[in-house]
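This report describes the surroundings of a bound ligand and the empty space in a protein model. The ligand shell comes first, then the pocket, then the enclosed space.

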Amino acid sequence: MRAFFTIGLVIMLAWISAAQAEAPPDETAREVIAVIGTGRVGGALGPRFASIGHRIVYGSRDPASEKVKALIQRSGSAASAASPAAAAAQASIIVLAVPWNAVETVVRSLGDLSGKIIMDATNPLRFGSGRSFELAVDSSGGEHVQQWAPQARVVKAFNAVGWKVMGNPGLAGGPVTIPLVGDDDKAKSRVAEIVRAIGFETADLGPIRHARHLEGMAILYLTPLMSGRPADGFEFYLRRHPAPPARAKPPPAG
Ligand SMILES: NC(=O)c1ccc[n+]([C@@H]2O[C@H](COP(=O)([O-])OP(=O)(O)OC[C@H]3O[C@@H](n4cnc5c(N)ncnc54)[C@H](OP(=O)(O)O)[C@@H]3O)[C@@H](O)[C@H]2O)c1
């Protein structure tokens, strides 16, 4: 009886391990993400996305630089770097993390972006004299990016949170919301999954034309920091309503 039980157990374990070996690859873990720009934002997000299993390709003006090599070292064994166009060609998701004055040139240089998701972390900022700054466009950077890449699915994300918290959400001392806007619901859901997987909450706040409001949030976010009042700095957190009370059914007529 015991031998029969042991053989059964061995067969079952063999079957489970074979099933695991044949299991389809986890699509989310195998995604290739191109991070265009290797400054503060790219350098914060790339390693975070690598930490949840994605393969990161940095798109850089100088992919062989020491700065980029050090970033690759921090981004998992499969990470690499290439020109922005070569990085984008390998990826299904492209993170835009370059200064506003470079965004149009960079986006237009990326080649065929049909169906790809652009995670747009940029802010269209114009800095004036002293500590003044303002939005540099009347509509929004997000809408411009969607116009410059009409075949791509643009999702504005991460534009109103600081790079240090992007790289380590625990620094915020509490939950942080990353608001998302974009015209493609599936792309927004996919981005939301990834954003949540690296430790943030998300809120779908509508179409890409709402990007102007997210970029306004960035202006508010920067105001205490640019005014020399870092102690007044904050993170955005959208606390959801408690569950609304169930509505009483109206009494039957008659
Ligand atoms: N800093 C933040 O906390 C923060 C937060 C939210 C959103 N953002 C937005 O995210 C974007 C990137 O910000 P960041 O702070 O990461 O900027 P950053 O530190 O200056 O890095 C930008 C990177 O973009 C690349 N780049 C490509 N073309 C460039 C050009 N013409 N001039 C300079 N750099 C160029 C560079 O990487 P390569 O040398 O490898 O090409 C550079 O390292 C901006 O639009 C910013 O408004 C920033």
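Helices here are DSSP runs of H or I with at least four residues, numbered from the N terminus. With that convention, helix 3 (40-51), helix 6 (100-108) and helix 8 (163-167) each contribute at least two residues to the shell around the ligand. The model is a predicted one, and the values below should be read with that in mind.

**The ligand shell**

The ligand is surrounded by 22 residues, of which Thr38, Val41, Ser60, Val98 and Trp163 come nearest. By class, the shell consists of 11 nonpolar, 8 polar and 3 charged residues. Backbone atoms also approach oxygen atoms of the ligand, as the table sets out for glycine 39, alanine 121 and asparagine 123.

| Residue | Backbone N or O atom to a ligand oxygen atom |
|---|---|
| Glycine 39 | 3.1 Å |
| Alanine 121 | 3.4 Å |
| Asparagine 123 | 3.3 Å |

Taken alone, the ligand exposes 870 Å², and the protein buries 77% of that area.

**The largest pocket**

Which space does the ligand take? The space that the ligand takes is the largest pocket, whose volume is about 1,300 Å³. The lining of this pocket comprises 46 residues, and Arg40, Val41, Val98, Pro99 and Trp163 are those that lie nearest its centre. Two or more lining residues come from each of helix 3, helix 4 (66-73), helix 6, strand 6 (125-127), helix 8 and helix 10 (211-226). Among these elements, helix 10 gives the most to the lining, with 5 residues, while helix 3, helix 6 and helix 8 also each supply at least two residues of the shell around the ligand. Sorted by class, the pocket lining holds 27 nonpolar, 13 polar and 6 charged residues.

Val41, Val98 and Trp163 are named among the residues that come nearest the ligand, and these residues are also named among those nearest the centre of the largest pocket.

**The enclosed space**

Rolling a probe the size of a water molecule over the atoms shows where empty space is left. How many cavities of 30 Å³ or more does the structure hold? The structure holds 1 cavity of that size, and about 30 Å³ of space lies in the largest cavity. The lining of the largest cavity is formed by Phe158, Asn159, Ala160, Val161, Thr177, Ile178, Pro179 and Phe236. This lining divides into 6 nonpolar and 2 polar residues, with no charged residues.

Definitions and conventions: Residues numbered from 1 in each chain as written. Predicted model: local features only at pLDDT ≥ 70, side-chain atom pairs only at ≥ 80, totals over all residues. Heavy atoms only, no water. Near = heavy atom within 4 Å. Polar contact = N/O pair within 3.5 Å; in protein donor to acceptor, adjacent residues only side chain to side chain. Areas by Shrake-Rupley, 256 points an atom, 1.4 Å probe, with all protein chains shown as cover. 1 Å grid on protein atoms, 1.4 Å probe; cavity = no way out; pocket = protein on both sides within 12 Å on 5 of 7 lines; lining within 4 Å. Sits in = over half its atoms within 2 Å of the grid points. Nonpolar A, V, L, I, M, F, W, Y, C, P; charged D, E, K, R; others polar. Points joined across faces, edges and corners; volume = space filled by probe spheres on them.
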